[in-house]
Amino acid sequence: MPNRIIRDSCKTSKSLDQLSAEAERLWWRLITVADDFGRFEAEPVLILAKGVPLTVKTYDLTDISRWYAELEACEHVKTYVSHGQLYGFFVTLWK
């Protein structure tokens with residue numbers, strides 16, 4: 001698992017500030033499961049299992065899907081299909 005460096009600028013990010021608290025939390029969790037290119041498996045069940053594993057009794061796939069859709073709407077992530085598998089990637093993670 002690659003290590004990530006969090007910059008101070010995240011505290012004043014206008015784009016992160018547009019998100020609900022839950023969607024922002026999901027954004028941070030997805031960073032931990034993304035590969036070196038900012039890509040990750042985007043099936044809601046896998047996001048729930050890998051990104052927020054201790055909350056499976058609190059949140060469900062509807063919650064994950066709603067928060068992920070919010071990340072897409074604010075253009076933090078984009079989703080694509082490869083070989084029948086749903087993947088996502090961070091649009092501006094390395095900027």
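These are my notebook entries on helix 4 and its surroundings, looked up in a predicted model.

**Entry 1: the length and sides of helix 4**

I began with the length of helix 4, which has 13 residues and, at 1.5 Å a residue, should span 18 Å; I found its end C-alpha atoms 18 Å apart, so the expectation and the model agree. I then asked myself which residues of helix 4 are buried. I noted Asp 63, Ile 64, Trp 67, Tyr 68 and Leu 71 as the buried ones. They cover an arc of only 125° around the axis, and therefore they sit on the same side of helix 4. On the face turned away from that buried side I found the exposed residues Thr 62 and Ala 73. Looking for what covers the buried residues of helix 4, I listed helix 2, strand 1 (39-41), helix 3 (44-51), strand 2 (77-82) and strand 3 (85-90) among the elements that do so.

**Entry 2: helix 2 against helix 4**

Next I looked at how helix 2 (residues 21-33) packs with helix 4 (residues 61-73), and I wrote down an angle of about 85°, with the axes 9 Å apart. Because an angle of 65 to 115 degrees counts as roughly perpendicular, I describe helix 2 and helix 4 as roughly perpendicular to each other. From helix 2, the residues Glu 22, Ala 23, Leu 26, Trp 27 and Leu 30 meet Ile 64, Trp 67, Tyr 68, Glu 70 and Leu 71 of helix 4. Sorting the residues of this contact by class, I have eight nonpolar, two charged and no polar.

**Entry 3: helix 3 against helix 4**

For helix 3 and helix 4, I found that the axes cross at roughly 95° and come within 9 Å. Helix 3 is therefore roughly perpendicular to helix 4. On the helix 3 side I noted Pro 44, Val 45, Ile 47 and Leu 48, which meet Leu 61, Ile 64, Ser 65 and Tyr 68 in helix 4. The contact of helix 3 with helix 4 has seven nonpolar residues, one polar residue and no charged residues.

**Entry 4: two buried residues**

I looked more carefully at Tyr 68, which lies in helix 4. Its relative accessibility is 7%, so I count Tyr 68 as buried. Setting aside residues up to four places away in sequence, I see Tyr 68 touching Leu 26, Leu 30, Phe 40, Ala 42, Ile 47, Val 77, Lys 78, Thr 79 and Gly 88. For one of these partners, Lys 78, I also looked up the C-alpha separation from Tyr 68, which is 9.7 Å for two residues that are ten residues apart along the chain.

I then turned to Thr 55, in the loop between helix 3 and helix 4. With a relative accessibility of 10%, Thr 55 counts as buried. Apart from its neighbours within four places in sequence, Thr 55 is in contact with Arg 25 and Leu 48.

**Entry 5: two residues with positive phi**

Before looking at the backbone, I reminded myself that most residues other than glycine have a negative phi. Where does Glu 75 lie? I found Glu 75 in the loop between helix 4 and strand 2, and although it is not a glycine, Glu 75 has a positive phi of about 60°. Its relative accessible area is 54%, so Glu 75 is exposed. His 83 is in the loop between strand 2 and strand 3, and His 83, also not a glycine, has a positive phi of about 55°. Is His 83 buried or exposed? At 84% relative accessibility, I count His 83 as exposed.

Conventions
Residues numbered from 1 in each chain as written. Predicted model: local features only at pLDDT ≥ 70, side-chain atom pairs only at ≥ 80, totals over all residues. Heavy atoms only, no water. Axes fitted to C-alpha atoms, helices over the stretch in contact; angles between N-to-C directions. Helix = DSSP H or I, 4+ residues; strand = E, 2+ residues; numbered from the N terminus. Parallel < 35°, antiparallel > 145°, perpendicular 65-115°, else oblique. Contact = heavy atoms within 4.5 Å. Nonpolar A, V, L, I, M, F, W, Y, C, P; charged D, E, K, R; others polar. Expected span 1.5 Å × (residues − 1). Buried < 20%, exposed > 50% of the residue type's maximum accessible area, 1.4 Å probe, protein only. Arc of directions from axis to C-beta.
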